[in-house]
Amino acid sequence: MKKSLALMSLLAVLAAAGCGSGDAGANTLSFLGPEDPKTFQPVIDGFEAEHPGVRIAYTQIPFDQLNSTLQQRLAAEDETIDVYTVDQPRVSALAARGFLADLSDWKDRVKQAALPAQYDVNEFRGKLWSVPIWTSDQFLFYNKTLLKQAGVTPPSSDPAERWTWERTVEAGRQAQARGGAQWALIPEQIEQYYQLQSLPESLGGGSGITGTDMLTPALTTEGWIKAMTWYRDLFAGGLAPRGVGSFQTSPLFTEGKVAFFAGGPWDVGTFGAAKDLDWGVAPYPYFEGGKQVTPTGSWSWGINPASKRQRLAREFLEYAALNPEGNLLTTKASPIIPANRAAFEKYVPTLDALAGEKSRGAGEILTYDADHTAVARPRSVGYIQFEDIMTKTFADIRNGADPKTRLEQAAREVTTAWAQLR
Amino acid sequence: MTTPPPTSTRLPTPTRPTTPRRARLADRPAAIALAFLAPALVALLVLRLLPAGIAFVSSLNHTSLLTGETYFVGLRNYATLFTDPTFLQSVRVTLLFSVIVNPLQIAAALALAVLFTRRFAGVRFLRVLVILPIAVPPAVSAAVWSVAYRPDGLLNSLLTVLGLPPQPFLTSPGQALWSLIVLLSWIGVGYWMMFLIAGLQDIPLSLYEAAAIDGASAWRRFWHVTLPLLRRPLAFVLVADTVANFLVFAPVQMLTNGGPEGSTNVTMYDIFTRAYTVGDLSLAQAEVMLLVLLVLAVVVVQFRLLRGKD
Amino acid sequence: MSRRLYTLLATVIGLAFALPLLWALSSSLRGGSEIFQHISRLSWETLVPASPTLANYGALATGAFGRAILNSLLVALVTVVAGLLISAAAAFGLSALRFRGQGALFAIVVLSFLIPFDAIAIPLATLFRDWDLTNTYAGLILPGLGHGLAIFLLRQFFLAIPGDLVEAARIDGLGWFGVFGRIYLPLSRPALVSAGLTLFIFQWQSYVWPLLIGTGTDHQLGPIALANMRGQFTIDYGQLFAGSIVLTVIPLLIILRFQRHFTQSIATTGLK
């Protein structure tokens, strides 16, 4: 009993201490996002140094709950949020609901400062709603040891010599047969639209959304069916594993079980840290006879219209997106690509050297992809519903569902979901 | 106890004083009872029923995600649901799931409760091991079980050791629901067992002794002494477990997303997706109302059946 | 059946229940890339790390996790104490006394736990915002207090308490509060422990609710700190498992502490 009393009093003290702190003053900007606080510490420090007396209070929300938390709190006009991170394909939906402050007076400045694929994603109905902070790209990582054992020449890092998916699968098959690889090819985000959009796009099948208001599904095109048939066969043929979630794919590569791995720049750091793993990086493949298409897009930042500190919030956004120095600081603690052109150019050499010899060529691929092959996710008010349905569709196709009937079902589901929007 | 020891193996129904006797004791029973009930009623009304009322009103409205406007649509959301194949399928999955999982969990919990009220070495510690999974954070039980169920995971390597063929588990529409039932029983059975243990402890040993003297077999003692006296805790477990299983969704969200091919899309998960992922609150609330009605119907039937046995 | 046979059977069952947790425990002692290495072929290394390290636990100490655990403890313990009092009083009102309208009140209790909390959390969060309860301990604690299931549970057990006991006590001049405090509560320890655990778990696993009412870092709870360890692009599984072991061990200690009350009951307190 004594112990519990001691514990209770300890907690009471804690409660008393907790109640006193944390009141936000007029010069404290509250900022919400899914990242570890360490990621944003450099940019926050940089901004606070330039604006004495201003404090940025960052709160991390778990990634899986971020969108729903924001949605509910913004709908309630919660003024305790000033600035928040916006998943780029959600800009339209958030803007339509009135959850983002209009930043249209920055249009020209953002157009000039950002990478080519990074302006449009922030626009909706002719207005600018958010500013691009990060972008992304996908590479083809390969396990040098496994390919060597199989006698396969690894792909070049030169974007002019980009491999096709067909050739990658064939080489992976050989690595399985002769090199001791457990798996031939694994796409990191194995059931995510972000990654898989590139497959039908490469075959000319489109993004899956069409129409002037971008509210008509187009999922049963020849390109989609062909791409998804290829995808199903990847798993049916034992080239890639079923039942492994997005977050469990990269450990498979780190453990040396995978010949080819389609992943992002964030993997460069993880793979570089793995001892005894010999790997290299090549451009993201495309389908034979098809277009070269690479996934892109990441996070923008926006301002809550209900915020009482609009001016300060704009200054923070300006620093983080338009000021190259500030934008570069957002990538200092985490290897993700800055969306600001000038920051990007400074960043490329660091990524190239991040894992020494192994990551060489990544910078060149990044630059080429940003200018030539990056295709952003479609801008539609209905993207959220679309993405949810597509994740389930990809999962079913991966588990062996017939691609054509499953895509037809997805199209029906999207139509039903979008009818609810109006 | 007021119950006389059973002289035969006939059911010893515990009796309780009749109402008038107790009513005489209280001066104004309603007022006194209300005083005891008041804090809880205020909490339930404000924290549960008031938001539920708001949710009901919201289920009669529609918010356009294109313009953000909200307007009254009457029962249209309900009509939409009844023509939505996803919702209809989720009801089928939910009913199938309930029919399997509830008897399974209650039988297992009862068997374990009987085992863990015996006296033997290590009983206390082993009992805690069985209760413990309820305390594991859902995100973690999902992480552990996803590794166990992976086609190249722990369970299949165990099957290989035993000389059995590997199974697809969560990747097959035929096995995913069963896999979830195993996982949910791992979490829940110990928890429900706990209430039954509490009930078993209340049964006076003298009743068993008397029955044993009468020469009743262990099975008859269980059937005629244990079960009837465990009636109230068992009623609680039956109702509470049924309700809990109607409202479960976290493992579905973390392990299967309702798939493969909708085979694990229980209604509560469908509601969670609509409310939290997609953000269509009105439709989600209409679905909540339908689910609550369904659960209510099942619970009313359960109470009727239980009263019938009284 | 002999006692030894019971021990054997119970050990097998106990181990089967503990196995997933043992794997999580061993994973929490491994380095990052090692966790999934031994799942495809069973060997002693599947459960025993070759070179155990406490690095994952060390990393927990530096982050916001410690503070979150203390917050969770505070919220859960206050909920258990206050919630048990409220629920037990209500259960007493629903079982010791008989009055007109009791059925209707009991129906409210039952109805309240049929409504999924996650579904009404959104409108409730809006109410809490109007009442200025965002980012406060009160905002985190209150939803745990209206717990219909705990009331239902306690009522079921209270109904088993013999009426003549109450009658005798009343004749001896004991008031209703005395009957509640001196007869009902002491006689229902196993049920109170179970109900307490139910209230505890509700708060200990609280996840969506604190996010909805906009809980800041200083009031953050354990499950959210745990979820925040998942990066957007990568997960540090070693740290995740270490955090989860901490989040599991605390209820484990509490259950062990209250175990003995399971064996105390009407039958053993000499009331016959």
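## Chain B and its contacts in a predicted model

The centres of domain 1 and domain 2 of chain B, taken over C-alpha atoms, are 28 Å apart. This is a predicted model. The domain assignment places domain 1 of chain B at residues 12–59 and domain 2 of chain B at residues 79–309. Where the two domains touch, domain 1 of chain B supplies seven residues and domain 2 of chain B supplies ten. The domain 1 side of this contact has four nonpolar residues, three polar residues and no charged ones.

Next, the membrane annotation. An unreviewed UniProt entry lists "transmembrane region" for residues 30–50, 95–116, 128–148, 176–198, 234–255 and 288–306 of chain B. Two of these spans are set out below.

| Span of chain B | Helix | Strand | Distance between end C-alpha atoms |
|---|---|---|---|
| Residues 176–198 | 100% | 0% | 34 Å |
| Residues 288–306 | 100% | 0% | 26 Å |

Now the core. The largest nonpolar core holds 313 residues. B:Met193 and B:Leu196 have the most contacts inside this core. Helix α4 of chain C, residues 65–95, gives the most to the core, with 18 residues.

What does B:Leu196 touch, leaving out residues up to four places away in sequence? Its partners are B:Ala109, B:Leu110, B:Ala113, B:Leu230, B:Pro233, B:Leu234 and B:Val237.

Chain B also meets chain C. Here 88 residues of chain C are in contact with 90 residues of chain B. Which helix gives the most to the chain C side? Helix α1 of chain C, residues 3–28, does so with 14 residues. By class, the chain C side that touches chain B comprises 60 nonpolar, 19 polar and nine charged residues.

Chain A is the other partner described here. In this contact, 27 residues of chain B meet 26 residues of chain A. On the chain B side, the elements giving two or more residues are α6 (138–149) and α13 (267–278) of chain B. The most comes from α13(B), with four residues. By class, the chain B side that touches chain A has ten nonpolar, twelve polar and five charged residues.

Notes. Residues numbered from 1 in each chain as written. Chains lettered and ligands numbered in written order. Predicted model: local features only at pLDDT ≥ 70, side-chain atom pairs only at ≥ 80, totals over all residues. Nonpolar A, V, L, I, M, F, W, Y, C, P; charged D, E, K, R; others polar. Domains from an automatic or database assignment. UniProt positions renumbered as here; feature names shortened; annotations may be inferred. Core = buried A, V, L, I, M, F, W, Y, C linked by C-beta atoms within 7 Å. Buried ≥ 20, exposed ≤ 12 C-beta atoms within 10 Å, placed from the backbone.
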